[in-house]
Amino acid sequence: MEQPNKPEMSRRERQILDALFELEEAPAEEIRQRLPEPPSYSAVRVMLTRLEKKGYVSHREEGVRYVYAPAVSKTRERRNALSRLVRTFFAGSTADAVTALLADAEDLSDEELDRLSAAIEEAKEKRKEEP
């Protein structure tokens, strides 16, 4: 599931990309303000340059400043993050990860539980259709 041609991101680089996903596009200072314990402006610019070289971020010039935007799909990055989480904390077992999440089922509404049940049934049906 992981994109083999993209280098890994550091924790701070992930935070920057997360901020960009929320903002859709923004200059470095606006991104910096969204970060926990924000580093200096120049540190954010350096990390944005690294993320651009890695293929995660792009920029356009707006007057004298750069405006940054994600260069990757939020959906794909969400899948990659979940895949890393399942590998790291659940030894690759999706069932164990889902079971752990459902341990706090009292936080879920009946509608959310119904949606999860429907997704499980859909996954079973898809498996039956496969040759």
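These are my notes on a few helices, loops and a surface patch in this structure. I am working from a predicted model.

**Entry 1: helix α1**

I started with the length of α1, which covers residues 11–23. At 1.5 Å a residue, its 13 residues should span 18 Å. I looked up the end C-alpha atoms and found them 19 Å apart, which agrees.

Next I asked which residues of α1 are buried. The list holds Arg 12, Glu 13, Gln 15, Ile 16, Leu 17, Ala 19, Leu 20, Phe 21 and Leu 23. I noted that charged names, Arg 12 and Glu 13, sit in that list beside Leu 17 and Phe 21.

What covers these buried residues? I found that the cover includes two helices that come next in my notes, α2 (28–33) and α3 (41–54). It also includes α4 (74–90). Strands β1 (26–27), β2 (57–62) and β3 (65–70) take part as well.

I then stepped past the end of the helix. Glu 24 follows α1, and its phi is positive, near 75°.

**Entry 2: positive phi in two loops**

I checked Glu 37 next. Its phi is positive, about 45°, although Glu 37 is not a glycine. Where does Glu 37 lie? I placed it in the loop between α2 and α3. Buried or exposed? Glu 37 has a relative accessible area of 72%, so it counts as exposed; the cut-off for that is over 50%.

Ala 91 went into the notebook beside it. This residue is not a glycine either, and its phi is positive at about 50°. I located Ala 91 in the loop between α4 and α5 (94–102). Its relative accessible area is 77%, so I logged Ala 91 as exposed.

**Entry 3: Glu 61 on strand β2**

I moved to β2, where Glu 61 lies. At 57% relative accessible area, Glu 61 is exposed. I also looked up its distance to Pro 27. The two are 34 residues apart in sequence. In space, their C-alpha atoms are 9.7 Å apart.

**Entry 4: a nonpolar patch**

Which residues form the nonpolar patch on the surface? I found Leu 82, Leu 85 and Phe 89. Together they have about 320 Å² of accessible area.

I looked at Leu 85 by itself. It is in helix α4. Its relative accessibility is 37%, so I recorded Leu 85 as partly exposed.

I added a reminder on helix geometry. An α-helix has 3.6 residues a turn, so residues three or four places apart point the same way.

Notes
Residues are numbered from 1 along each chain as its sequence is written. This is a predicted model: local features need pLDDT of at least 70, side-chain atom pairs count only at pLDDT 80 or more; totals for chains, interfaces and linings use all residues. Side-chain values use heavy atoms; hydrogens and water are left out. Helices (H or I, at least four residues) and strands (E, at least two) are DSSP runs, numbered from the N terminus. The expected span of a helix is 1.5 Å times one less than its number of residues. Buried means under 20% relative accessible area, exposed over 50%, partly exposed in between (1.4 Å probe, protein chains only). Contact means heavy atoms within 4.5 Å. Patches are made of residues with over 30% relative accessible area and no salt bridge: like charges are joined within 9 Å, nonpolar side chains (Val, Leu, Ile, Met, Phe, Trp, Tyr) within 5 Å. Accessible areas come from the Shrake-Rupley method with a 1.4 Å probe; for residues, only the protein chains shown count as cover. A salt bridge is a side-chain nitrogen of Lys or Arg within 4 Å of a carboxyl oxygen of Asp or Glu.
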